[in-house]
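Thank you all for coming; I would like to walk you slowly through one protein model this morning. Please have a look at it for a moment before I begin.

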Amino acid sequence: MKKVWSYNFILIDMNSVSEYSQGLDMNRYFLSAAESAGIGLWFWDVQKENFFCTNLCYDLFNLPPGEKITREKFVQSIHPEDLSRLEKAVQQPIAEQTDYEIEYRYRVNADEFCWFSVSGKTVRQNDSLIMMGSVHDITRHKSADEQLHR
């Protein structure tokens, strides 16, 4: 019986690998720049209810890193005076896939709310509707504004 040898080769364009690697480095740089500016990044798959964010977002919201964030848990921590305004601000970008900006208070512990500024956009990606954006703690700015207006 004659033995048949077969070989499989994968040819890789090393320029593409280098470009891909450089892209990953650039993403790390962008992430590092955002974090050094105190900006957390996140995205939410609206239909699947999957929420992903950077470690800084967990820090800002005073949550353990990697904890599953649900809509219900998030809504429970919104200041009652801001909840309906926040829900309205989210409905339009979901319906129209537009950009959005909002400021709201979020309970970070039993007796403390922090102000957050959130901006981003909503896009359709394949069969998913994705909201993505950035979050920044603006508590000090709000406190300074309040003191100026007293």
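Of the 150 residues in this protein, 27% count as buried, and I should say at once that what you see is a predicted model. The accessible surface comes to about 11100 Å², and 53% of that belongs to carbon and sulfur atoms.

Let me turn to the overall layout. The protein has 5 helices and 5 strands, and if you read along the sequence you meet them in the pattern α-β-β-α-α-α-β-β-β-α.

How are the strands ordered in the sheet? The sheet is an open one of 5 strands, with antiparallel pairing, and its order is β2-β1-β5-β4-β3. Because β2 (50-53) and β3 (99-109) each have a single partner strand, they stand at the edges, and one side of each is left without a neighbour in the sheet. From one strand to the next, the twist averages 25°. If we look at β3 together with β4 (residues 112-125), the two pair in the antiparallel sense over 10 bridges, and Asp99 has Lys121 in β4 as its bridge partner. Helix α4, which covers residues 80-96, packs on the sheet, where it touches β1, β3, β4 and β5, and its direction makes about 145° with that of β3.

Finally, the surface. Tyr29 lies in helix α1, residues 14-36. Is Tyr29 buried or exposed? Its relative accessibility is 54%, and because exposed means over 50%, Tyr29 counts as exposed. Together with Met26 and Phe30, Tyr29 forms a nonpolar patch on the surface, and the three share about 360 Å² of accessible area.

Notes. Residues numbered from 1 in each chain as written. Predicted model: local features only at pLDDT ≥ 70, side-chain atom pairs only at ≥ 80, totals over all residues. Heavy atoms only, no water. Patch = residues over 30% accessible without salt bridge, like charges linked within 9 Å, V, L, I, M, F, W, Y side chains within 5 Å. Areas by Shrake-Rupley, 256 points an atom, 1.4 Å probe, with all protein chains shown as cover. Salt bridge = Lys/Arg side-chain N within 4 Å of Asp/Glu carboxyl O. Helix = DSSP H or I, 4+ residues; strand = E, 2+ residues; numbered from the N terminus. Buried < 20%, exposed > 50% of the residue type's maximum accessible area, 1.4 Å probe, protein only. Pairing = 2+ DSSP bridges. Axes fitted to C-alpha atoms, helices over the stretch in contact; angles between N-to-C directions. Contact = heavy atoms within 4.5 Å.
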